[in-house]
Amino acid sequence: MEPRARAGKNVVAQLLYAHGDVKNPLPETVRVLDEILTDFMQSIAFEATRAAHYSGRQKIKYEDFEFAFRKNPAFLGKVQEVFEKQKEIKKAREILRDGEDEIMKDAAEEERRREKEDVTGAGGAGKVNRAEEELGEADDDAEAEMDALGKKK
């Protein structure tokens, strides 16, 4: 057997267990499946590399893997599904990041506006300073709390 970079025997054993095998499969089973997976991955990578070289590129792109999987629609569908999910996740992260930046800007503007109102309200003629009072347990209504808990007096 030639030396190869292997994922590890434990990963293959977990893969087997996830698909219905026993928790500790036979070492021969793990070895054979590892060889099959490695050969498959090498052959697909080789096909993708060949497609990239034919296109005049040194780097492999997504389209090269699509070309390599063109003969097996099940594999092609899975690859396309994974890349679509990856794009969706990337877009969601961008939206979240953009929304987070917008929220932070809005909060900073609101804070500046309130500070400005407080300054003009305290030093201005006739304006009342609307300082927000801090809420605490002293502000709790005992009757409302008893009603919420379902207890009656």
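Guide: A salt bridge is a side-chain nitrogen of Lys or Arg within 4 Å of a carboxyl oxygen of Asp or Glu. The structure above is a predicted model, and we may read its features with that in mind.

Visitor: How many salt bridges does this rule give here?

Guide: The count comes to 6. One of them joins Asp64 to Arg57, with the closest N and O atoms 2.8 Å apart. The side chains of these two residues are also joined by a polar contact of 2.8 Å.

Visitor: Is Asp64 buried or exposed, and where does Asp64 lie?

Guide: Burial is read from relative accessible area, with buried meaning under 20%. Asp64 counts as buried because its relative accessibility is 3%. Its partner Arg57, at 23%, counts as partly exposed. Asp64 is found in helix 3, residues 62-68.

Visitor: Which residues does Asp64 touch, leaving aside those up to four places away in sequence?

Guide: On that basis, Asp64 touches Ala48, Ala51, Ala52, Arg57 and Lys59. Arg57 therefore appears both in this list of contacts and as the salt-bridge partner of Asp64.

Visitor: How should one read a salt bridge formed within a single helix?

Guide: The general idea has two parts. Side chains of opposite charge can pair when their charged atoms come close. An α-helix has 3.6 residues a turn, so residues three or four places apart point the same way. In this model, Arg31 and Glu35 meet in a salt bridge of 3.1 Å, N to O. They are 4 residues apart in helix 2, which means a separation of about one helical turn.

Visitor: Are Arg31 and Glu35 buried or exposed?

Guide: Each falls in the intermediate class. Arg31 is partly exposed, with a relative accessible area of 37%, and Glu35 is partly exposed at 25%.

Visitor: Which salt bridge in helix 4 has its residues about one turn of the helix apart?

Guide: Arg113 forms a salt bridge with Glu117, the closest N and O atoms being 2.7 Å apart. Both residues lie in helix 4, residues 73-123, and are 4 residues apart. Arg113 is partly exposed at 39%, as is Glu117 at 33%. This pair also belongs to a network of salt bridges that links Glu110, Arg113, Arg114 and Glu117.

Visitor: Let us turn to nonpolar residues. Which residues make up the largest nonpolar core?

Guide: A core of this kind consists of buried residues joined through side-chain atoms. Here the largest has 5 residues: Ile44, Ala68, Phe69, Leu76 and Val79. Among these, Val79 touches Tyr62 and Phe69 when residues up to four places away in sequence are not counted.

Visitor: Which residues form a nonpolar patch on the surface?

Guide: Leu15, Leu37, Phe40, Met41 and Phe75 form such a patch, with about 430 Å² of accessible area together. Helix 2, residues 27-54, supplies the largest share, 3 residues. Met41 lies in this helix and counts as exposed because its relative accessibility is 58%, where exposed means over 50%.

Visitor: How many residues of helix 5 are buried, and what follows that helix?

Guide: The same reading of accessibility can be applied to a whole helix. Of the 8 residues of helix 5, residues 142-149, the number buried is 0, so this helix lies largely in the open. Helix 5 is followed by Gly150, whose phi is positive, near 85°.

Conventions: Residues are numbered from 1 along each chain as its sequence is written. This is a predicted model: local features need pLDDT of at least 70, side-chain atom pairs count only at pLDDT 80 or more; totals for chains, interfaces and linings use all residues. Side-chain values use heavy atoms; hydrogens and water are left out. A nonpolar core is a set of buried Ala, Val, Leu, Ile, Met, Phe, Trp, Tyr and Cys residues joined through side-chain atoms within 4.5 Å. Buried means under 20% relative accessible area, exposed over 50%, partly exposed in between (1.4 Å probe, protein chains only). Contact means heavy atoms within 4.5 Å. Patches are made of residues with over 30% relative accessible area and no salt bridge: like charges are joined within 9 Å, nonpolar side chains (Val, Leu, Ile, Met, Phe, Trp, Tyr) within 5 Å. Accessible areas come from the Shrake-Rupley method with a 1.4 Å probe; for residues, only the protein chains shown count as cover. Helices (H or I, at least four residues) and strands (E, at least two) are DSSP runs, numbered from the N terminus. A polar contact is a pair of N or O atoms within 3.5 Å; within protein, one must be able to donate a hydrogen and the other to accept it, and residues adjacent in sequence count only if both atoms are side-chain atoms.
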